[in-house]
Each structure stands twice: as C-alpha cells, then as structure tokens.
Amino acid sequence: MALYIGLMSGTSLDGVDGALADFSGADINTRGAAYIAFPPALRAELMALQAPGDNEIEREAAAAIQLARHYADCVAALLADAGLAAADITAVAVHGQTIRHRPELGFTRQVNHPALLAELCGIDVIADFRSRDVAAGGQGAPLVPAFHQALFGKAGSTRVVANIGGIANISVLGGDGAVTGFDTGPGNVLMDAWIARHQDREYDADGAWAASGVVLPELLAELLREPYLALPPPKSTGRDLFHLDWLDARLAVYREAAPADVQATLTRFTALSLAQAIQAHGSGADAVYVCGGGAYNSVLMSELGAALGKQVMVASTQALGVAPNRVEALAFAWLGYRFTERLAGNLPAVTGAAGERVLGALYPR
C-alpha cells in the first residue's frame, strides 16, 4: 500500500489537521483524520512570529520544537485510529506553519522541524513544499489546485473549489482539464482577529456575532478598495498583508462603529472579495464547493451564495464526499506521494513558476 499522512496547520493558527490517505489505487482513499488543537501559548507565539520581534530566531526554533511534538501527536492519533504501525506508512508530509510569505522577495518561510518529527515518529518526513516553486519564480501558493483537480475535477463540468482558511483561495477546475487558481484575499483572518480583540474568542462560531450586526456600506467599500484584490493572477497573500493594523487603518474614520457591525461587514467583505474573484476567473462554473473552516460558518456561506446569485450552486465539499476540514491535509499527503514518485506538485499556470517542479525535501526516518 502507498499510505501517506498529511499534516496542515494554516493561517487560522488554531491547530493541526491530519489525514491518512491511500494512493494504491486509481482513487484517493481517505483512511482517517485527526485534529490536535494548539495550546494558547503556542498559538500566541506563532501569532507573534508573524511580525518582526525581539530574538525571533531563537523563538522560532523553540516554537518549531513544540510544533513538531504536536505534529507527532497527530500522527500517533491517526495510527491508533487506523490500527496501523509506523512501518506501514510510506511518509508523513508536513506543511509547517507559515510566518512569512514574500515570494516577490524570493522567499517563503514556515516554522517546522521535520528532522525532529522523523525522530519522534520513526517515519520518513517530507517538508518544505513551497520553496522550490518560489525558487523557480513562482508564488509558492496556492499549491492545492492540482490536488483539487485530482480529487474533485469532472470532465465536461467546470467547478470552483474555494478554500476559506485564514486566507481564501480558489481553484477553477475546467471541464477540459485546465486548472487555474490563486489567493483571493482574506478568509477568516480578519473576522478571527476582530472577535479575538473584542470578545477574546478565537473565531465567530457559525457567524453568530456577525449575524447580530448590520453591514456598514461605506466601510465595506473602503475594504474592497484594497489594491491586492484587483491584481491579476498569479498572486498569493497572507498575514503579511491582511492583519489588524491593516484593518485599523481603514477603521480610522469609523471609530464609533459598533463592533458587531464591523464583524458583519468583515464577513460580507470576505464573501464579496471571494465572489468577485470567482465571477472574474471562474465564469461558467456549475458549482462552487467550499472547504476550510469557512465552510462551517453558515452566515458566510449564505453571504457567498447571495453574492454569486441563484444561478451558481454553493455547497461544502461534503457534497462531494470529503469533509471540508480534511481537504488541505489530504492535499499535502498527495504532495508527499507526488514527491516520492518524483512527479510535479505545482501548476505553473497557477503559481507562475518557470515550469513544473517536484516539491519537497526528504528527512529519512
């Protein structure tokens, strides 16, 4: 069997999602999933490392050790649930935690300690998936469209897969096999930051707080003027651009706005920026399938549906048989498999790289 474990911790910084996948047959067979939440101290440190700070080299190294131990816990949970031993697994593919993404400067950086993870698990570890694409002149992101095509593509039908994590991205899967994709802008990142500031909660569960407010049209228009949204793909973004300081600068003339109204506006902003990207680059799509944490926010999903109009069906990837919170971890399991087989993991049409490249670096057990 070709069993791979994929581990993903994204821009929401909530924890690590793990997926166990079997690539032995023609279809991708999911054998299990697990989630390990980050303790508050680690989450806070990973958040702090998103910006320059004192002694950050040592702090990053210390955070990487903690992160590897949580990754190892996720691997152990997956093995236990599946009744498998480490020797049964071909490799663990681990993304790491992005703290800088600056492809325009030629680099992307993820906190990670794959050597320690290999020691802890006794399994080959594949890591550092983005750097080779960046070295080839690409954005290093998004990397999931190729996997979305393999898992969700349908001949003769154009579909859009929208991943709403901290940052949102889309994959346009053409019925003729053509694939495009890019980061559309903020996903949950601004909504999460705003509710953390005002209610000390990590996220707005099911959009309930947003639903209690009203959208502020002038603020929404100001948010939609962000230049990144109008850039042509290939493009990628992250917390380097969308963060509380970015939001505060746009709130300067709305200081009297009720926090719930700002949350409602941020929710619609996420939906509209995503919908506008789909309409511009995914016209003719039969359906939009949503994965990531945003798929569990019914208010956000309703806003996205309203922005796209009744002619486009909006559903979570559960409708295609894959839970929304499993898709990205499965994608990195797939990238690990591609690395082992020495097959390209990137799509130059998506990232802008000079050509197809095998992505990743191996840390043998």
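Here is a quick briefing on one sheet and on the aromatic contacts in this structure. It's a predicted model, so keep in mind that local features need pLDDT of at least 70 and side-chain atom pairs count only at pLDDT 80 or more, while totals for chains, interfaces and linings use all residues. Residues are numbered from 1 along each chain as its sequence is written, and side-chain values use heavy atoms, with hydrogens and water left out.

**The sheet**
- An open, mixed sheet is built from 5 strands in the order β10-β9-β8-β11-β12; strands are DSSP runs of E, at least two residues, and helices are runs of H or I, at least four, numbered from the N terminus.
- Two strands pair if DSSP finds at least two bridges between them.
- β10 (179-186) and β12 (313-316) are at the edges with a single partner strand each, so one side of each has no neighbour in the sheet.
- β11 (residues 287-291) runs parallel to β12, paired over 4 bridges, and A287 sits opposite M313 in β12.

**Aromatic pairs**
- There are 8 aromatic pairs, counting Phe, Tyr and Trp (six-membered ring) with centres within 6.5 Å; planes under 30 degrees apart are stacked, over 60 edge-to-face, the rest tilted.
- F129 and F332 meet edge-to-face, 5.6 Å centre to centre with 65° between the planes.
- Both F129 and F332 are buried (under 20% relative accessible area; exposed is over 50%, partly exposed in between; 1.4 Å probe, protein chains only).
- F147 and W334 have ring centres 5.8 Å apart and planes at 55°, so this pair is tilted.
- F147 is in helix α5 (residues 145-152) and W334 in helix α12, 187 residues apart.
- Y228, F242, W246 and F269 are linked into a cluster by ring pairs.
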